[in-house]
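Here are a few short exercises to work through with the structure open beside you. Try each task before reading its solution.

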Amino acid sequence: MTSDPKAPHEIALPQPIEEEKSIPYWEMLFRETIAIELLASVLVWIALWWNAPLELLADPQQTPKLAKAPWYFTGLQELLHYFPPFVAGIILPTLIVVALVVVPFFNVNIKDENLWVHHKSQRLAILGIVLAALTVLLIRFDAWDALLPVWLIAIFMGIAAANEGRRDRGFRRWLSSKPLSFWIMTWFLMEAVVLTSVGTFFRGPGWSWIWPW
Amino acid sequence: MQKSLAAPTGTAIRNPIQALARWRDEFKEIFSARVRERQLGFRYTWYLGALTLGTFSIQLITGLLLMLYYHPSIPQGYADMKDLHFVVSSGVFLRNLHRWSAHAMVFLVFAHMAKVFYRGAYRPPRELNWVVGVCLLLLTLLASYTGYLLPWDQLSYWGTTVGSSIISSTPFIGEKLRFILLGGHTVNANALLRFYVLHVVILPLAVILLVAIHLWRLHKDGGMYVEHEKNVEKR
Amino acid sequence: MSEPEKKNLAASNDEASFLSRRQFFVKLGAGSLAITGAGATVFAVQYLSPNVLYEPSPIVGVGRPEHFPIDSVTLDPRAAIFVVHAQKGFYAMSSVCTHLGCLTVWRQDEGIIACPCHGSTFRPDGKVIGGPAPRPLQWLKMWIGNDGNLMVDRSANIASESEYVQL
Ligand code: HEM
Ligand code: FES
């Protein structure tokens with residue numbers, strides 16, 4: 001089967017293919033099919049035991065005491081609780097989508113370069129400013145739970161910076177080798193997890209704080 | 001390429017065996033004939049993409065079956081849900097499976113994206129596939145959002161009321177956008193019908209189309225990504 | 001100008017005119033496509049916006065004034081409005097939360113109007129006390145009909161505290 005000889009990544013084949021163990025494609029299909037079947041049986045089992053929610057008939061004259069979205073939107077609901085609808089519901093989601101789309105188009109993401117090798121002090125200063133700005137902003141809107149991941153990430157970034165240049169193979173060395181995109185994505189995922197969990201487990205009627213136990 | 005029973009492409013096929021063999025060869029075109037073991041390793045993908053596709057297939061099958069009993073009208077849609085629960089044989093099972101598999105699908109799409117990111121598998125030449133993936137994530141969320149209205153219960157109604165009001169908050173055109181989406185000023189019969197059409201026709205078709213592109217690009221870009229792109233070979 | 005330069009110029013002129021003919025058609029094609037696209041968008045927006053809606057009339061009668069004692073806030077869930085009888089007179093407010101459209105309720109014991117969705121709270125005159133609601137509850141036009149009933153036009157917004165209905 002032909003490969004396009006012009007594509008640069010295909011020219012530079014340093015080793016012959018046979019070097020590595022290879023398996024036929026149907027082996028891959030086979031394994032993936034098994035995985036899907038396992039998942040399907042788990043889902044069937046769940047569907048046999050737990051009913052999908054069905055409340056009373058829709059009543060445009062009465063809002064239920066607690067109108068909670070399914071878990072994948074409770075993070076958004078949590079944002080809506082803090083920020084104006086246009087910010088929480090339109091601007092932030094749009095920014096997230098744009099940020100996701102551009103990931104592969106930034107050279108830093110391709111080079112995958114450790115954030116702290118160059119200009120360490122300037123970068124630490126920028127980190128400090130961003131941290132302060134986010135902290136002030138989030139406190140201004142009382143969004144304490146959204147502040148948690150900000151600080152966690154900042155602390156880990158600090159640890160990474162302090163361990164720049166380590167040669168051993170431990171966790172701190174691993175941390176210090178991470179590029180900027182890693183930190184941003186991890187921050188985003190942590191926010192998603194924290195806001196979703198708060199929205200799902202810690203919010204009661206009128207979106208007031210409750211304890212799940 | 002291995003030797004094949006099939007007549008070379010372009011020549012006439014003389015018997016069913018040849019036809020089958022040709023078909024098998026063509027099928028192989030879709031996947032890589034041989035895959036390096038590392039690419040297969042569970043630790044590279046956790047099979048998250050394949051699992052997402054699995055849940056989507058469940059959505060298609062259960063969704064098509066649910067369509068045989070569901071009428072997108074008020075209050076019939078709600079009555080149909082009750083019928084699925086209490087009258088239709090296995091109706092409640094199909095509905096549950098459709099709902100829980102939808103949840104699983106959303107989770108898996110996110111997980112798949114995160115895994116791809118942390119492997120760095122968005123690197124060129126895979127940029128296009130990453131962008132297609134982001135679109136698939138959005139389509140999955142939209143499918144869930146539109147499907148949520150269909151049972152026409154209290155949660156559906158108020159969830160959609162709040163969700164669509166977010167659109168109105170857009171300056172200048174917000175009210176108009178919401179009006180167009182709902183086909184009215186409130187969540188009503190028009191809105192239910194529009195969401196239904198989006199949910200069972202437009203969004204699934206878009207997902208199928210994009211999944212096809214996703215898999216085709218995966219194949220074209222040299223199969224699953226393994227670190228150190230320079231080692232990647234094509235069969 | 002030297003000879004070769006002139007030649008170059010002539011050649012590029014030729015090329016330019018050739019390209020511009022080509023470009024003309026490309027532009028023509030792209031232009032027609034753009035116009036068609038814009039037209040299709042306009043038609044789509046029009047088609048998607050229903051001209052007739054089967055929604056209930058915005059004008060509702062809420063009952064006789066005597067039914068609302070002084071200093072009372074009454075929710076009319078059918079019409080999604082509050083009828084308030086304050087010292088200054090009667091007024092009507094939409095009970096639709098200005099945040100994201102849930103229906104608020106009157107909490108007699110606390111003397112506030114509260115939204116179940118994201119926790120906005122309002123005073124009986126509609127002012128926001130807390131929560132994410134950006135604006136006070138909407139005041140609506142109210143008058144006494146010929147039959148002596150209080151009437152409200154839910155499509156007629158008025159400024160807060162601008163009009164009271166006296167008996
Ligand atoms: C092509 C595929 C699909 C078809 C034909 C389909 C069809 C349907 C139908 C007829 C309903 C109404 C019955 C019901 O509420 O149970 C429904 C509900 C729903 N669908 Fe789908 N669907 C499809 C794909 C999806 C996808 C991809 C998702 C999300 C990932 C999704 C999420 C939902 C949800 C959350 C509901 C509400 C479920 C419920 O109340 O049980 N669907 N779908
Ligand atoms: S809709 Fe009332 S607080 Fe959000």
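The exercises below concern a predicted model.

**Exercise 1.** Describe the secondary structure of chain A and how its elements are ordered.

*Solution.* Begin by counting: chain A holds nine helices and one strand. Next, walk along the sequence, which gives the pattern α-β-α-α-α-α-α-α-α-α.

**Exercise 2.** What share of chain A is buried, and what makes up its accessible surface?

*Solution.* Of the 213 residues in chain A, 37% are buried. Turning to the surface, the accessible area is about 12800 Å², and carbon and sulfur atoms account for 70% of it. For contacts in chain A with a separation of 6 or more, 58% join residues 24 or more positions apart.

**Exercise 3.** Is Ile96(A) buried, partly exposed or exposed?

*Solution.* First locate the residue: Ile96(A) sits in helix 4, residues 85–102 of chain A. Its relative accessibility is 32%. Buried requires under 20% and exposed over 50%, so Ile96(A) counts as partly exposed. As an extra, Phe188(A) is 92 residues away in sequence, yet the C-alpha to C-alpha distance to Ile96(A) is 8.6 Å.

**Exercise 4.** Characterise the interface of chain C and chain A.

*Solution.* Start with the area: about 1000 Å² is buried between the two chains, 61% of it from carbon and sulfur atoms. On the chain C side, Leu103(C), Pro116(C) and His118(C) supply 45% of the area buried against chain A, more than any other three residues. Then list the participants: twelve residues from chain C and 14 residues from chain A. Finally, check the polar terms: there are zero salt bridges and two residue pairs in polar contact. The chain C side that touches chain A divides into eight nonpolar, three polar and one charged residue.

How values were computed
Residues numbered from 1 in each chain as written. Chains lettered and ligands numbered in written order. Predicted model: local features only at pLDDT ≥ 70, side-chain atom pairs only at ≥ 80, totals over all residues. Heavy atoms only, no water. Helix = DSSP H or I, 4+ residues; strand = E, 2+ residues; numbered from the N terminus. Buried < 20%, exposed > 50% of the residue type's maximum accessible area, 1.4 Å probe, protein only. Contact = heavy atoms within 4.5 Å. Areas by Shrake-Rupley, 256 points an atom, 1.4 Å probe, with all protein chains shown as cover. Buried area = accessible area lost by both parts, 1.4 Å probe. Salt bridge = Lys/Arg side-chain N within 4 Å of Asp/Glu carboxyl O. Polar contact = N/O pair within 3.5 Å; in protein donor to acceptor, adjacent residues only side chain to side chain. Nonpolar A, V, L, I, M, F, W, Y, C, P; charged D, E, K, R; others polar.
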